[in-house]
Amino acid sequence: MLGPQSYGIYAFTLTTITLLSLPTKSGLPTLLVRETAKNQAEQKWGLIQGLLNLSNIFVISYSILISFLSIFLISWIWDGSKENTLLWALWLLPIIAMEGVRTGTLRGLRRVIAAQIPEQIIRPVILLLILCSNRNNSN
């Protein structure tokens with residue numbers, strides 16, 4: 001399905017998006033695991049909701065900022081199919097950052113399997129679809 005060049009672009013894009021998602025999460029998944037579990041045990045549902053709302057606002061804002069900065073840098077540095085794929089994959093950055101918030105919350109609520117599904121299954125499938133779509137457009 002993917003040739004060596006397409007697989008290289010896929011691997012590069014996945015790695016770049018994963019690295020760009022690290023600062024957008026800012027350690028929030030770990031905080032959410034700890035605080036969600038603590039507040040669930042104490043039945044403080046309002047605190048969980050408030051923490052989740054603030055985390056959502058922070059992560060979305062920060063990931064959009066990083067996406068715009070990345071778009072500027074990518075457009076300035078690269079040219080070609082790698083650039084196209086990476087620009088399309090940047091749309092995933094806010095989604096991946098939100099995935100970290102959801103994963104931390106679900107792990108804090110002791111739903112570990114449900115927390116792993118987006119990262120292990122959904123993200124690679126979406127990125128592969130973007131890559132295949134870009135490959136079909138370039139032919």
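## A pair in helix H2

In which helix do Glu35 and Lys38 both lie, and how many residues apart are they? Both belong to helix H2, which covers residues 28-41, and they sit three residues apart, about one turn of the helix. An α-helix has 3.6 residues a turn, so residues three or four places apart point the same way. In this predicted model, the side chains of Glu35 and Lys38 meet in a salt bridge, with N and O 3.3 Å apart.

The two partners differ in how much of them can be reached from outside. Glu35 counts as buried because its relative accessibility is 19%, and the cut-off for buried is under 20%. Lys38, with a relative accessible area of 41%, is partly exposed.

## The overall fold

Let us step back to the whole chain. The protein chain has six helices and zero strands, so its pattern along the sequence reads α-α-α-α-α-α. Along the principal axes, the C-alpha atoms fill a box of roughly 55 × 30 × 20 Å.

Of the 139 residues in the protein chain, 37% are buried. The accessible surface comes to about 8,500 Å², and carbon and sulfur atoms account for 67% of that area. Contacts reach well along the sequence too: among those between residues at least 6 apart, 80% join residues at least 24 apart.

## Charges and salt bridges

The protein chain carries 11 positive and 6 negative charges, and the mean positions of these two groups are 8 Å apart. How many salt bridges does a search of the whole structure find? It finds three.

You have already met the bridge between Glu35 and Lys38. Glu35 also forms a salt bridge with Arg34, where the closest N and O atoms are 3.5 Å apart. Elsewhere, the side chains of Lys44 and Glu42 form a salt bridge at 3.1 Å, N to O. Lys44 is partly exposed at 37% relative accessible area, and Glu42 is likewise partly exposed, at 41%. Through shared partners, salt bridges join Arg34, Glu35 and Lys38 into one network.

## Helix H5 and its surroundings

Is helix H5 largely enclosed or largely open? Of its 17 residues, 13 are buried, so H5 is largely enclosed by the rest of the structure. The length of H5 (residues 92-108) can be checked as well. At 1.5 Å a residue, its 17 residues should span 24 Å, the expected span being 1.5 Å times one less than the number of residues. The end C-alpha atoms of H5 are 24 Å apart, which agrees with that expectation.

One residue in contact with this part of the chain is Asn56, which lies in helix H3 (residues 45-77). Setting aside residues up to four places away in sequence, Asn56 touches Met98, Val101 and Arg102. Asn56 counts as buried, with a relative accessibility of 14%.

## Another contact site on helix H3

Helix H3 also holds Ile71. Which residues does Ile71 contact, leaving aside its neighbours within four places in sequence? They are Leu87 and Leu90. Ile71 and Leu87 are 16 residues apart along the chain, and their C-alpha atoms are separated by 6.5 Å. At 34% relative accessibility, Ile71 counts as partly exposed, whereas Asn56 in H3 counts as buried.

## Two loop residues with positive phi

Most residues other than glycine have a negative phi, and most peptide bonds are trans. Two residues here are worth a look with that in mind. Gln43 is not a glycine, yet its phi is positive, at about 60°. Gln43 sits in the loop between H2 and H3. With a relative accessible area of 54%, Gln43 is exposed, because the cut-off for exposed is over 50%.

Where is Arg110 placed? Arg110 is in the loop between H5 and helix H6 (112-138), just after H5. Its phi is near 65°, again a positive value in a residue other than glycine. Arg110 is exposed as well, with a relative accessible area of 58%.

Key:
Residues numbered from 1 in each chain as written. Predicted model: local features only at pLDDT ≥ 70, side-chain atom pairs only at ≥ 80, totals over all residues. Heavy atoms only, no water. Helix = DSSP H or I, 4+ residues; strand = E, 2+ residues; numbered from the N terminus. Buried < 20%, exposed > 50% of the residue type's maximum accessible area, 1.4 Å probe, protein only. Contact = heavy atoms within 4.5 Å. Areas by Shrake-Rupley, 256 points an atom, 1.4 Å probe, with all protein chains shown as cover. Lys, Arg positive; Asp, Glu negative; His and termini not counted. Charge placed at Lys NZ, Arg CZ, Asp CG, Glu CD. Salt bridge = Lys/Arg side-chain N within 4 Å of Asp/Glu carboxyl O.
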